[in-house]
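Reader: Hi, I have a structure to go through and I'm new to this. Can we take it step by step?
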Amino acid sequence: MTNDPSMPLANDAPLGSGSESAIEPERYEFRAPAVHHFGLQRRDFFKFLGAGVLVVCALKQVAAAQESGAPPPGGLGFGPPLPKEISAWLHVGENGVTVYTGKVEIGQNIRTSLAQAVAEELRYPVGKVELTMGDTQLTPYDMGTFGSRTTPTMNLQLRKVAAAAREQLIALAATKWNVDAQKLKAVNGRVEVAGTKRSIAYGELVAAQQLTAVIPADDPLIPPAQWTVEGKSISKVDGRDFVTGKHRYPSDQTLPGMLYGKILRPPSFGATLVSINAPSFDLADNVTFVRDGDFAGVAAATEAAATRALNALQAKWNEQPQISNSDLFAYLKGNSVDAKGFEGAQKYETGSVDKDLAAADRQLHQTYTVSYIQHAPLEPRAALAQWSGNMLTVWTGTQRPFAVRTEVAQATRVPEEQVRVLMPDMGAAYGGKHTGECAVEAARLARAANAPVKLVWTREEEFTWAYFRPAGVIDVAGGIRNDGALAAWDYTNYNSGAAGIRTFYEVPSQRIVFQPTRYPLRQGSYRALAATANHFARESFMDELAHAANMDPLAFRLKNLKNDRLRAVFAAAAEKFGWNRAKPAPGHGFGIAGGFEKGGNVATCVEAAVDRESGFVKIARVVVAFECGAIVNPENLKNQIVGANIMGIGGALFEKINFAGGRILNAQFSKYRVPRFSDVPPIDVVLLDRKDIPPAGAGETPIVGLAPAIGNAIFQATGKRLRSLPMIPNGLNSA
Amino acid sequence: MANVIKLHVNGGVQVVSTDPRASLLSVLRDQLDLTGTKYGCGEAQCGACTVLIDGHPRRSCITPVGTAAGRQITTIEGLEQHGKLHPVQEAFLTEEAMQCAYCTSGMIMTAVAFLKSNPSPTEEEIAHAMEGNICRCGTYPRIVAAIQRASHQGTQS
């Protein structure tokens with residue numbers, strides 16, 4: 001998060017003296033269980049890793065407890081027992097450097113950026129840093145890879161671990177050569193005596209050593225201004241494995257004797273299995289049939305055989321009446337959940353909203369809606385499960401391998417210690433793979449079949465049985481004075497979520513409410529959570545207010561905005577776009593929107609071109625200015641920003657889940673339109689590098705400005721205000 | 001019913017026993033362990049499963065393996081020659097044209113075939129030719145740049 005004291009709202013802090021409980025922005029990130037203690041002891045480490053120097057990063061409170069013990073942490077040799085709660089560790093061995101972290105690579109490129117962090121501090125070639133990630137047996141517990149937390153947390157922790165390892169290596173060399181450590185420096189994998197040709201490779205230095213260190217909290221770090229590896233555009237460390245097809249994703253895993261699984265799905269959500277008749281299967285297909293309550297599935301020698309077996313099952317289901325998407329928004333408005341605490345409504349209120357709204361020179365009331373959409377990662381859920389006695393190993397694609405371990409252990413009724421979950425770098429997630437359904441299903445089939453079972457969800461299954469980005473209804477009322485100053489702000493979000501719900505504009509009287517409701521589809525995290533919906537509503541409404549005030553939309557925003565970081569990105573985007581210089585051609589419109597979330601600040605300008613006859617909308621160009629503190633890898637940051645905006649085009653313009661009777665009606669790419677090559681406008685990215693601010697994550701926030709900027713541009717071009725996401729699923733003329 | 005089918009894959013000959021109606025994708029992945037070709041949709045909508053058959057890009061998920069018998073099949077694993085990457089592979093690396101990279105094999109195979117038919121395309125022509133391939137991470141501009149880079153190299157060499 002930001003260190004900027006001028007920031008009016010830190011999204012991971014309580015929202016101040018609101019009249020009820022503080023708003024919990026991350027409510028749709030699945031909550032984490034208690035930290036799981038890690039079992040490996042010092043001797044196990046070296047047995048497994050070989051000789052060398054081991055540096056572990058203890059969680060803060062544990063590190064403090066360690067300090068009360070006799071030997072000082074960070075000291076050489078056999079100090080106190082290793083802390084139980086560890087976030088990462090690094091091993092410098094005779095054959096190389098390996099880092100262990102529970103974070104996972106899902107396309108956001110942290111395998112590279114974390115390697116950079118280690119290389120920077122350890123003074124070691126970046127391409128030679130090995131990362132073992134997301135393996136519940138080998139890596140420390142990690143809550144999960146979500147919330148743009150890797151860069152602000154794990155990046156920092158690995159830098160500290162690597163810096164400590166570097167100092168250990170220098171100390172080793174000092175002892176070996178009997179020279180003052182001050183005269184030594186670490187360069188490119190070697191310790192050398194400054195100003196001489198005397199040097200030794202790390203591998204040689206650690207031979208036959210078994211040294212451990214627990215990093216102290218105040219280890220010196222190289223300041224961003226002096227970075228030589230971080231802050232640079234390092235190419236994907238294992239890029240060659242991807243362009244040659246060698247990389248093995250979760251769905252590419254195989255084992256000898258492996259069977260293929262298929263799951264019998266209910267015809268509609270909530271349907272219960274009344275009866276099932278399993279016919280006699282073809283012996284050659286080697287079919288195993290499993291039924292356990294409403295769960296039914298098959299495993300067979302080939303995928304085709306599994307499909308045949310599945311199709312042969314005769315099941316009777318008891319279906320429940322369900323609402324359809326045409327009833328959705330009325331349903332959400334009419335089904336508030338009245339609960340206490342985390343499950344209930346959350347509210348922030350200051351000033352006198354009703355009075356100031358009534359007294360304002362102009363008032364405006366609007367309602368915005370957001371449809372359900374799907375992440376649709378190109379690799380669907382996949383798992384390979386193998387039982388060996390009571391021990392279970394599962395390779396699966398997930399953002400939360402440790403949570404999946406818990407889920408699988410509970411579902412299969414074995415202790416967690418007997419379950420190992422491995423996460424091979426996967427084909428993306430975007431917040432959509434927090435859960436372990438597929439791993440559980442594969443594990444159940446594998447146990448029944450007494451053989452390894454691979455299960456890869458079909459696209460239809462992924463579109464239907466994964467979870468969705470929550471739909472929502474957002475009511476906003478605002479009051480302004482004649483000079484364009486905001487006087488009152490009344491905002492309620494039904495169901496879609498609380499992330500990014502607070503306004504960063506200066507408003508003396510505010511009431512901001514997140515109202516949970518009953519909801520018809522399974523819903524969960526999606527890139528940027530509800531910040532996309534809340535920015536869409538807020539920044540569209542700000543545009544409506546600006547027009548009501550007869551002010552330029554940018555000038556209106558700046559009049560009501562004090563936050564310097566946000567002002568800076570607005571200024572940078574407007575400058576690059578030519579907001580104040582250029583005027584849109586006939587049929588074209590300019591739109592601007594911006595915001596703050598998860599330590600990142602974004603401003604987005606869009607030029608939309610509308611063909612009045614056909615209603616065809618073309619996004620002519622996009623400018624995105626982004627600032628998330630010190631930049632770790634500029635090219636990768638740009639890649640994330642451009643990618644988020646391209647993904648955002650879908651949710652802004654045409655992506656929408658259609659459902660009725662508990663069935664998804666467009667569970668295929670031929671019926672659910674996602675952005676393609678021809679949808680992509682020129683996107684200019686302006687990066688603001690704040691070396692004085694610790695780096696924040698950037699996988700999510702860049703997406704939030706796009707939809708409102710497009711809507712605002714379409715309004716300027718046509719006078720038509722679009723208040724529903726997606727805005728034009730069937731073209732502008734039917735919107 | 002299973003038939004014995006002779007496939008010419010990446011310059012070699014493979015004999016498989018399979019139902020000729022089985023998808024080429026499933027045979028490549030499950031029988032020949034060529035997992036670089038990906039499943040994405042099963043309805044020829046995303047391009048992740050693209051391979052070359054006699055030099056033409058084909059969606060292996062809807063191609064019955066029987067129809068590929070006797071033809072030259074090239075998968076992503078067959079592009080690298082004697083340790084040297086194909087110019088399109090090199091260009092994808094140079095332009096960092098990937099994030100999760102699950103679509104990359106299909107993108108590269110489609111691009112390789114396209115550049116044979118149009119060695120120096122414009123950006124619009126590239127976008128048109130690649131329209132059937134989905135990248136959910138949104139790396140499209142980098143993919144266009146990579147294909148242009150590869151085309152320039154092709155005309156220079």
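Reader: How many salt bridges are found across the interface of chain A and chain B?
Author: The rule finds 7 salt bridges there. Keep in mind that this is a predicted model. One of the pairs is R248(A) with D33(B), at 2.8 Å from N to O.

Reader: And how many residue pairs are in polar contact across that interface?
Author: There are 32 such pairs, with both residues at pLDDT 80 or more.

Reader: Which elements of chain A give two or more residues to the side that touches chain B?
Author: They are α6 (239-243), α12 (459-465) and α16 (634-654) of chain A. The largest share comes from α16(A), with 8 residues.

Reader: How do the residues on that side of chain A divide into nonpolar, polar and charged?
Author: The split is 22 nonpolar, 19 polar and 14 charged.

Reader: How many residues of each chain are in contact?
Author: Chain A puts 55 residues in contact with 47 residues of chain B.

Reader: What area is buried between chain A and chain B?
Author: About 4,200 Å². Carbon and sulfur atoms give 51% of that.

Reader: Which residues of chain A lose the most area to chain B?
Author: V243(A), L378(A) and F677(A). Together they account for 22% of what that side buries.

Reader: New topic. How many salt bridges are there over all chains?
Author: The count comes to 47 by this rule. Take E121(A) and R166(A), whose closest N and O atoms are 3.1 Å apart.

Reader: Why does that pair tie together separate parts of the chain?
Author: E121(A) sits in helix α3 (residues 110-122) of chain A and R166(A) in helix α4 (residues 150-177) of chain A, so the salt bridge ties together parts that are 45 residues apart in sequence.

Reader: Are E121(A) and R166(A) buried or exposed?
Author: E121(A) is buried, and R166(A) is buried too.

Reader: What about R511(A), which residue does it form a salt bridge with?
Author: Its partner is D490(A), with the closest N and O atoms 2.8 Å apart. R511(A) lies in strand β22 (residues 509-515) of chain A and D490(A) in strand β21 (residues 486-494) of chain A, so this pair links parts 21 residues apart in sequence. Both R511(A) and D490(A) are buried.

Reader: D692(A) and R690(A) meet in a salt bridge as well; is D692(A) buried or exposed?
Author: D692(A) counts as exposed because its relative accessibility is 54%, and exposed means over 50%. R690(A), at 30%, counts as partly exposed. Their salt bridge is 3.0 Å from N to O.

Reader: Which residues do shared salt-bridge partners join into one network?
Author: The network takes in E539(A), D543(A), E544(A), R557(A), R721(A) and R723(A).

Reader: Last topic, domains. What does the domain assignment give for chain A?
Author: Domain 1 is 42-243, domain 2 is 250-320 + 381-456, and domain 3 is 335-371 + 468-734.

Reader: How many residues of domain 1 of chain A are in contact with domain 2 of chain A?
Author: 21 residues of domain 1 of chain A are in contact with 16 of domain 2 of chain A. The two domains bury about 1,400 Å² between them, 53% of it on carbon and sulfur atoms.

Reader: How many salt bridges and polar contact pairs are there between them?
Author: The rule finds 2 salt bridges across that interface. The polar contact count is 7 residue pairs, both residues at pLDDT 80 or more.

Notes:
Residues numbered from 1 in each chain as written. Chains lettered and ligands numbered in written order. Predicted model: local features only at pLDDT ≥ 70, side-chain atom pairs only at ≥ 80, totals over all residues. Heavy atoms only, no water. Contact = heavy atoms within 4.5 Å. Buried area = accessible area lost by both parts, 1.4 Å probe. Salt bridge = Lys/Arg side-chain N within 4 Å of Asp/Glu carboxyl O. Polar contact = N/O pair within 3.5 Å; in protein donor to acceptor, adjacent residues only side chain to side chain. Helix = DSSP H or I, 4+ residues; strand = E, 2+ residues; numbered from the N terminus. Nonpolar A, V, L, I, M, F, W, Y, C, P; charged D, E, K, R; others polar. Buried < 20%, exposed > 50% of the residue type's maximum accessible area, 1.4 Å probe, protein only. Domains from an automatic or database assignment.
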